[in-house]
Amino acid sequence: MPFVLYRREAFEPLTETPWDGAFVPRAIRRIVSDVDAAYDAEALWPADEWDGWQAATPMKNLYVGAAGVVHALDVLRRRGIADSRLDLASAAARALGAFREAPDFMRGEDAPAPAASALLRGETGILLVTWRLSRRAELERELLQRVRQNVDDQVDEVMWGTPGTLIAARAMIEWTGGDDWREACRDSAESIWRRRADDGFWVQRLHGTTERRLDPPHGLVGNVLALRDAIADDRCAQLHEETSALLDQTVVVEDGLANWPMWLGAPLELSDGEIRVQWCGGAPGIVAGAGAYLHEDLLLAGARLVWQAGPPGREKGSSICHGTAGNGYAFLKAFERTGDEEWLERARRFAMHALEQVERRGRGRYSLWTGDLGVALYAADCLAERTAYPIFETWD
């Protein structure tokens with residue numbers, strides 16, 4: 001019996017609008033202009049219902065809050081694509097203060113301790129963005145404390161755990177060259193390595209579940225990305241080889257297409273009836289996260305699945321987390337690996353579609369991973385032929 005690798009009804013026809021290198025910067029600047037107009041110095045940005053569900057709004061974190069918005073605006077400004085008129089340092093400082101007044105964890109959420117040290121959902125990401133814009137010494141000390149507090153976190157994934165704070169420590173080494181950061185990076189990497197199970201996976205103990213997950217934000221390929229450049233070359237080569245073998249063992253292949261389950265032993269179709277084909281679960285995230293070492297035949301089979309499925313429909317939308325832009329990074333990785341311009345063209349077609357999805361929605365969504373600025377970064381990457389996924393691989 002053939003496998004079903006994706007649900008056709010979850011996707012929509014790809015736009016017929018061709019890539020337009022002159023249009024894209026204008027579209028990005030429109031997004032930035034809308035983000036600027038929506039800003040309030042006290043209330044920051046309005047939260048989408050999904051982003052702010054059961055949480056203390058405004059949202060402040062790096063994932064779906066103000067810190068991610070400020071970071072994206074800063075990146076677009078540094079790259080000379082769009083210049084926000086906001087005082088980004090002040091906006092970041094306000095986000096940090098607001099988080100300390102009312103952390104934006106969901107009510108009743110079983111967040112792993114120490115939750116405030118989390119990169120994407122806690123204070124670490126906000127501190128890092130704020131420090132980068134101000135270079136205040138006390139913020140660096142507080143950030144280092146958060147990273148050290150998270151060294152022995154048992155959740156073992158990027159959003160909450162030590163792999164996320166390792167990504168922050170690596171960035172601070174690059175920006176400061178400080179010995180304290182090198183020590184924090186070394187300690188974090190060794191802690192993550194020690195907790196790697198004999199089967200090559202890490203065990204994620206999160207929200208009352210215990211799983212061996214594969215996806216970038218919560219699992220195997222995200223942890224491997226975090227460890228890259230933080231461990232010796234021979235150990236990194238070993239990790240890539242062994243992780244590639246695990247991805248060979250867990251893949252589901254049908255008619256030259258490939259998809260991966262969310263966790264070891266899970267079926268593709270989950271209890272909600274969905275089959276994930278998005279950056280945060282399924283082939284797009286595996287290809288984008290493991291593009292450097294995944295066997296090329298599987299990398300291309302995963303990318304072909306993303307292309308055949310088409311852009312995610314309205315429910316998932318345009319975002320870099322579970323939408324069109326995030327899926328498009330699979331094409332950029334295929335282009336990086338093969339040099340085949342067809343994959344770059346496919347990435348750019350997805351960028352045009354994602355920008356059209358932003359326009360069709362008719363209202364702004366103000367976050368990095370789930371909102372319009374993630375789309376802007378993806379479109380900018382397509383313009384510049386850059387293939388690194390935000391935060392996980394680059395802060396620029």
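Tutor: Start with the classes. Ala, Val, Leu, Ile, Met, Phe, Trp, Tyr, Cys and Pro count as nonpolar, Asp, Glu, Lys and Arg as charged, and the others as polar. The model here is predicted.

Student: How do you know that the lining of the largest cavity has 3 charged residues?

Tutor: Go through the lining. Asp, Glu, Lys and Arg count as charged, so Arg79, Asp381 and Asp396 fall in that class. His71 and Thr394 also line the cavity, and both count as polar because their types are named in neither of the other classes. The full division is 6 nonpolar, 2 polar and 3 charged residues.

Student: Which helices each supply at least two residues of that lining?

Tutor: α2 (66-78) and α14 (372-384) do. The space inside is about 70 Å³. The structure holds 4 cavities of 30 Å³ or more.

Student: What is the volume of the largest pocket, and what makes it a pocket rather than a cavity?

Tutor: About 1,500 Å³. A pocket is an open set of points, whereas in a cavity the probe cannot get out. The pocket is lined by 46 residues; Trp50, Tyr63, Lys316, Cys321 and His322 lie nearest its centre. By class, this lining has 16 nonpolar, 13 polar and 17 charged residues. The largest share, 3 residues, comes from α13.

Student: Why is the pair of glutamate 142 and arginine 100 called a salt bridge?

Tutor: The closest N and O atoms are 2.9 Å apart. The cut-off is 4 Å, so the pair qualifies. Glutamate 142 sits in helix α5 (residues 137-149) and arginine 100 in helix α3 (residues 88-101), so the bridge ties together parts 42 residues apart in sequence.

Student: What makes glutamate 142 partly exposed?

Tutor: Its relative accessible area is 26%. Buried needs under 20% and exposed over 50%, so glutamate 142 lies in between. Arginine 100, at 42%, is partly exposed too.

Student: How do you know that aspartate 156 and arginine 195 form a salt bridge?

Tutor: Their closest N and O atoms are 2.8 Å apart. The two residues lie in distant parts of the chain: aspartate 156 in the loop between α5 and α6 (162-176), arginine 195 in the loop between α7 (179-194) and β1 (204-206). Both aspartate 156 and arginine 195 are buried.

Student: And what about arginine 235 and glutamate 190?

Tutor: Again a salt bridge, with the closest N and O atoms 2.9 Å apart. Arginine 235 is in helix α9 (residues 233-250) and glutamate 190 in helix α7, 45 residues apart. Salt bridges that share partners also join Asp48, Asp51, Arg363 and Arg365 into one network. The whole structure has 35 salt bridges.

Student: How many disulfides does the structure hold?

Tutor: It holds 0.

Student: Why is there no bond from the sulfur of cysteine 321 to the closest cysteine sulfur?

Tutor: That sulfur is in cysteine 280, 3.7 Å away. A disulfide needs the sulfur atoms within 2.5 Å, so this pair fails. Cysteine 185 fails as well: the closest cysteine sulfur, in cysteine 236, is 12 Å away, too far for a bond.

Student: Are these two cysteines, 185 and 321, buried or exposed?

Tutor: Cysteine 185 has a relative accessible area of 6%, and cysteine 321 has 2%. Buried means under 20%, so both qualify.

How values were computed
Residues numbered from 1 in each chain as written. Predicted model: local features only at pLDDT ≥ 70, side-chain atom pairs only at ≥ 80, totals over all residues. Heavy atoms only, no water. 1 Å grid on protein atoms, 1.4 Å probe; cavity = no way out; pocket = protein on both sides within 12 Å on 5 of 7 lines; lining within 4 Å. Points joined across faces, edges and corners; volume = space filled by probe spheres on them. Helix = DSSP H or I, 4+ residues; strand = E, 2+ residues; numbered from the N terminus. Salt bridge = Lys/Arg side-chain N within 4 Å of Asp/Glu carboxyl O. Buried < 20%, exposed > 50% of the residue type's maximum accessible area, 1.4 Å probe, protein only.
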